[in-house]
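Could you walk me through this structure in the viewer, stop by stop? I would like to know what to select next and what is there.

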Amino acid sequence: MGVFTVLTRCIVQPLSVVDNELVPKVGMTFTTLEDAGKFYRDYAKAAGFSTRVRCTNRKGNEIKNQLITCSREGKWKSKISPTEKTNPTAGLNYPARIYIHTLKDVSAWIISKVVLDHSHPCCPSKAEMLKQHRELSMSIRRTIENNEEAGIRPSKTYQSFVAAAGGHRELNFIEKDVRNYITREVRNVSEQENAKEFGKYFLRMKEKNPNFFFELELEEDQSIKLAFWADARSRAAFEYFGDVISFDTTYNINRYNLVCGSFVGVNHHGQSTLLGCSLMKNEEIESFKWLFQCWLRCMGGNAPKGFLTDQCASMKRALEACMPTTVHRWCIWHIMKKIPSKLNGYKGHADIEQEMSHVVWNSHSKDSFDRNWNDFLLNFGLADNKWLSDLYEDRHIWVPIYLDHHFWAGMRSTQRSESMHSFFNKYITRNSSRIQFVKQYDNFLGSREQAERESDAADFHTVIPCATKSSIEAQFQDAYTHAKFREVQVQFRGKANCITILKNFALGYSIYEVGEQVSSSIFNKFAVTYDSVAAEVKCQCLLFESRGILCRHALSVLSFEQVSQVCPRYILERWSKKVKRRHTHIKSSHDESVMEPRSKRFDQLVFRSQNICEFASESEELTAILHRAYDNVMAEMEALKAKRKGTSSLSHEDANLKSVNELQSPPRIRTKGRPKNRLGSKLEKQIANATKKKKTKVLSEINLFDATSAVHSNSSQYQ
């Protein structure tokens with residue numbers, strides 16, 4: 001670093017015209033030093049410059065005098081070459097200053113020296129852009145904090161302030177101040193503190209609801225290797241919607257290179273519902289085994305019937321070990337998306353992609369798929385393609401016709417999990433901390449809960465009219481949620497495109513062929529069986545088996561058989577709006593931010609004043625009454641504040657961790673012979689701190705808990 005010297009040359013500039021009451025004068029007295037400093041800052045803003053404290057002299061622990069100068073006082077010359085030092089400098093050796101000292105035997109401060117001249121032109125209209133005169137009020141700060149927690153970007157937050165104020169010029173701060181406040185106050189979490197806050201979040205959630213579940217796996221250096229958690233509502237929802245799970249790990253938290261894994265189910269409205277979340281350092285087999293076993297413990301040991309994932313070999317082997325009875329399905333969307341990249345080198349790859357999609361989606365039996373697949377390979381000369389050969393070997397875990405005889409709640413891909421990840425992408429950046437991630441996860445839980453509550457309310461208060469005169473449609477109208485009844489109506493409308501032909505009949509067992517016109521020239525044929533004795537209908541398309549919705553082909557046969565009511569087995573309780581589900585009485589987890597007492601009081605006052613302001617705004621007379629009341633109350637509060645100025649206390653109401661940490665130790669008594677400390681410059685202090693940091697080793701993430709409280713497992717059984 002360069003050694004700096006002060007240049008004393010100055011050129012006196014004329015002073016801007018300022019109201020005489022604001023101009024500092026020798027002999028002015030003030031009750032406190034803060035009042036004197038504020039008076040000079042107000043004058044500086046009116047004159048068009050900013051100030052700084054040049055030096056402060058103390059006697060023991062008491063301030064005796066203080067020199068306040070223009071912030072551009074002193075011009076600094078550095079040994080660093082101007083071509084290398086590109087940052088702007090403001091120092092121009094301005095003479096403007098005031099000198100304040102205490103009056104003996106009187107608790108007051110007096111201005112003993114004033115210099116009003118400047119060595120630079122002052123512009124009052126530009127003073128509001130100076131950093132000292134820009135400030136964020138309590139109301140602005142609380143709005144920024146709330147918007148940040150809600151995931152609203154700083155630019156949008158600032159634009160909302162501009163719109164509310166009526167333009168940029170009406171604000172006494174700029175967008176950079178908003179961003180700096182978020183970085184400095186809201187997101188200012190160190191690596192070690194971030195790990196501690198991550199663990200404290202789980203403890204707070206567990207304390208609020210004992211059914212909150214979490215487990216952590218730590219490395220030898222006590223850093224987090226694996227983490228899983230699920231709130232009480234998710235655990236209760238698993239009882240109703242845990243039959244089919246989508247699991248995806250494509251989202252990555254860049255700051256720590258942690259992989260996010262989400263367990264997602266489908267509720268009775270067909271909406272995604274979260275059933276657990278995880279963070280992983282790697283995607284190895286043992287990591288997935290730990291996670292799946294942990295999730296099973298969380299859900300009472302009950303494995304789902306179906307599990308959707310992407311094409312991950314480690315995940316596949318872990319599932320086979322942890323959930324051997326669960327049907328594993330690969331995400332067909334990921335596989336079909338790879339076709340262009342895998343087959344792009346072949347001639348006519350567009351036709352290849354179209355034909356492969358047709359074989360996969362329009363094969364209505366296993367035998368027909370095998371035939372169509374072989375014909376597809378022969379026609380395009382793809383018999384030696386390894387990727388296609390491997391896919392055919394694994395056809396039982398991705399081809400629809402091999403899987404649709406199982407119930408999948410309408411899921412064929414992991415895109416439900418990825419929709420949650422797209423939500424995170426809006427609000428989580430590469431610099432976001434883990435505690436910010438879990439807060440946004442809470443927000444997503446809350447949004448899913450609200451969506452379900454809104455749909456439940458719509459089901460209770462409204463009715464969707466039937467599209468036909470069918471009594472079977474009326475059955476589903478009475479039982480199903482609106483979302484699922486709309487799916488049923490799609491099938492009833494599709495009956496118009498179906499032609500039903502009886503092929504065989506014996507002892508109440510009928511075999512039908514239903515032809516469906518899907519375009520002007522294409523007819524698809526489906527075999528449908530109907531057992532009049534057991535009142536059972538079954539279609540080759542397997543729509544009911546895979547989605548729980550009777551298909552148009554089966555409805556055509558029931559209409560042909562003049563069936564007026566379907567058997568209860570075809571009205572799934574899973575899609576019913578009449579079932580009382582326990583999880584709807586449990587709130588999703590939400591971590592209440594730890595606010596300072598002043599912020600709490602501010603929020604309470606704002607909340608109460610809203611009703612008063614709304615009432616007073618009805619007329620000019622009521623508004624005038626409120627203004628007079630405000631003036632009286634403000635005068636009373638200012639008098640009380642002036643009376644209490646100079647005293648400080650810490651009550652039990654204000655005593656939180658932050659306030660306790662701010663308490664200072666008694667001042668040290670200086671020993672005899674010790675030289676007085678020279679007033680070091682800010683730059684010298686920064687150099688000393690930087691040197692000190694270089695000598696200090698960087699600590700790894702600290703242990704989240706004491707050695708006596710093991711975080712390896714928190715597997716309290718789900719009650």
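Here is a tour of the model, which is predicted, going from sheets to side-chain contacts and then to some backbone details.

**Stop 1: the open sheet**

Begin by colouring strands S2, S7, S6, S4 and S3, since in that order these five strands form an open sheet with antiparallel pairing. Look next at the two edges: S2 (29–30) and S3 (51–59) each have a single partner strand, so one side of each is left without a neighbour in the sheet. Now zoom in on S3 and S4 (residues 62–70), which are joined by eight bridges in the antiparallel sense. For one example, select Thr51 and find its bridge partner, Cys70 in S4. While you turn the sheet, keep in mind that side chains in a regular strand alternate between the two faces of the sheet.

**Stop 2: a β-α-β unit**

Move on to S13 (residues 306–309) and S14 (residues 327–330), two parallel strands with four bridges between them. Add helix H8 (residues 313–322) to the selection, and you have a right-handed β-α-β unit made of S13, H8 and S14. Within the strand pair, Phe307 is placed opposite His328 of S14.

**Stop 3: aromatic rings**

Keep Phe307 selected, because this residue belongs to an aromatic cluster whose other members are Phe213, Phe228, Phe238, Phe247, Phe263, Phe288, Phe292 and Trp295. Show all of these side chains as sticks to see the cluster as one group.

How many aromatic pairs does the structure have? The count is 39. One of them is Phe161 with Phe173, an edge-to-face pair with 5.7 Å from centre to centre and 85° between the planes. Phe161 sits in helix H3 (residues 154–165), while Phe173 is in the loop between H3 and helix H4 (175–186), twelve residues apart in the chain. Are these two rings' residues buried or exposed? Phe161 and Phe173 are both buried.

Two more rings are worth a click for the charges that lie over them. Select Tyr392 and Arg395: the arginine lies over the face of the ring, 4.1 Å from its centre. Then select Trp575 and Lys484, where the lysine lies over the ring face at 4.0 Å from the ring centre.

**Stop 4: salt bridges**

Side chains of opposite charge can pair when their charged atoms come close. In the whole structure, 20 salt bridges are found.

- Select Arg142 and Glu145, whose side chains form a salt bridge with an N to O distance of 2.3 Å. Both are in helix H2 (residues 138–149), three residues apart, or about one turn of the helix. Glu145 is partly exposed at 22% relative accessible area, whereas Arg142 is buried at 7%.
- Go to Arg297 and Glu215, which meet in a salt bridge at 2.7 Å, N to O. This pair links distant parts of the chain, with Arg297 in helix H7 (residues 285–298) and Glu215 in strand S8 (residues 213–218), 82 residues apart. Arg297 counts as partly exposed at 31% relative accessibility, while Glu215 is buried at 1%.
- Stay on H7 for Lys289 and Glu286, a salt bridge in which the closest N and O atoms are 3.9 Å apart. About one helical turn separates Lys289 and Glu286, because they are three residues apart in helix H7. Lys289 is partly exposed at 25%, and Glu286 is exposed at 55%.
- Finally, select Arg233, Glu449 and Glu452 together: salt bridges with shared partners join them into one network.

**Stop 5: a cysteine without a disulfide**

How many disulfides does the structure hold? The number is zero. Select Cys539 to look at one such free side chain: its nearest cysteine sulfur, in Cys541, is 3.5 Å away. A disulfide needs the two sulfur atoms within 2.5 Å, so this pair does not qualify. Cys539 is buried, with 6% relative accessibility.

**Stop 6: two positive phi angles**

Most residues other than glycine have a negative phi. Two residues to inspect here have positive values. Ala535, with phi near 55°, is in the loop between strand S17 (523–531) and strand S18 (536–539). Ala535 is partly exposed, at 30% relative accessible area. Gln562, with phi near 60°, lies in the loop between helix H20 (552–560) and helix H21 (597–616). Gln562 is exposed, with a relative accessible area of 72%.

How values were computed. Residues are numbered from 1 along each chain as its sequence is written. This is a predicted model: local features need pLDDT of at least 70, side-chain atom pairs count only at pLDDT 80 or more; totals for chains, interfaces and linings use all residues. Side-chain values use heavy atoms; hydrogens and water are left out. Rings of Phe, Tyr and Trp (its six-membered ring) pair if their centres lie within 6.5 Å; planes under 30 degrees apart count as stacked, over 60 as edge-to-face and the rest as tilted. Buried means under 20% relative accessible area, exposed over 50%, partly exposed in between (1.4 Å probe, protein chains only). A charge sits over a ring if NZ of Lys or CZ of Arg is within 6 Å of the ring centre and within 35 degrees of the ring normal. Two strands pair if DSSP finds at least two bridges between them. A crossover is right-handed if, with the strands pointing away from the viewer, the path from the first strand over the helix to the second runs clockwise. A salt bridge is a side-chain nitrogen of Lys or Arg within 4 Å of a carboxyl oxygen of Asp or Glu.
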